[in-house]
Amino acid sequence: MKPYIHTVQYYETDCMGITHHSNYIRWMEEARVDFLAQVGWPLKTLEEMGVVSPVTALESHFHATTTFADQVSIQVSVLQCSGVRMKLAYTMEKADGTKVFSATSEHCFLDQTGRIVRLKKELPGFYQAVAALAGQDC
């Protein structure tokens, strides 16, 4: 999978000229949306099918700062999935290779009524795509 590239915007920085920490979570979402599109399952398609994937957990680690106009490469990978839950990993680096942030997010899948969607049974194409990237049978 190719990494998602984000350019730090001026409004994303604080009065010290450093990217405010809350923006990294937003960038995770941007990268996740791009990742799903690359997998062949755009988020818009899932939502049109009545499936949402709320975040159930986040873990993040800040390694270095970024500033206005920095190009940040965000690599997303599938760590695990259970058929109803998926865990993604994110690694963010500046153009010079400096690691700036790493994180994981966990997601479940729900239908429009809030019922859990069992991926293997109800979305087998999506399940197979994610399972192949996780390198395991989810």
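**Exercise 1. Decide whether Cys 108 is buried or exposed, and find what keeps its sulfur from a disulfide.**

Step 1: Cys 108 has a relative accessibility of 12% and therefore counts as buried, where buried means under 20% relative accessible area, exposed means over 50%, and partly exposed lies in between, with a 1.4 Å probe and protein chains only. The structure is a predicted model, in which local features need pLDDT of at least 70 and side-chain atom pairs count only at pLDDT 80 or more, while totals for chains, interfaces and linings use all residues. Residues are numbered from 1 along each chain as its sequence is written, and side-chain values use heavy atoms, with hydrogens and water left out.

Step 2: A disulfide is a pair of cysteine sulfur atoms within 2.5 Å. The closest cysteine sulfur to that of Cys 108 belongs to Cys 81 and lies 14 Å away, which is too far for a bond. By this rule the model has zero disulfides.

Step 3: For contrast, Cys 15 counts as exposed because its relative accessibility is 83%.

**Exercise 2. Determine which residue is the bridge partner of Arg 85, and describe how E4 is joined to its partner strands.**

Step 1: Strands (E, at least two residues) and helices (H or I, at least four) are DSSP runs numbered from the N terminus, and two strands pair if DSSP finds at least two bridges between them.

Step 2: Strand E3 (residues 71-81) and strand E4 (residues 85-94) are antiparallel and share nine bridges, with Val 76 opposite Tyr 90 in E4. Three residues separate E3 and E4 in their hairpin, and Gly 83 in the turn has a positive phi of about 95°.

Step 3: E4 and E5 also run antiparallel, joined by nine bridges, and the partner of Arg 85 in E5 is Cys 108. Their hairpin has four residues between the strands, and there Gly 97 takes a positive phi near 95°.

**Exercise 3. Locate Asp 111 and describe its surroundings.**

Step 1: Asp 111 belongs to the loop between strand E5 (99-108) and helix H3 (119-122), and with a relative accessible area of 17% it is buried.

Step 2: The Asp 111 side chain makes a polar contact of 2.7 Å with the side chain of Thr 113; such a contact is a pair of N or O atoms within 3.5 Å, where within protein one must be able to donate a hydrogen and the other to accept it, and residues adjacent in sequence count only if both atoms are side-chain atoms.

Step 3: Not counting residues up to four places away in sequence, Asp 111 touches Gly 50 and Val 117, contact meaning heavy atoms within 4.5 Å.
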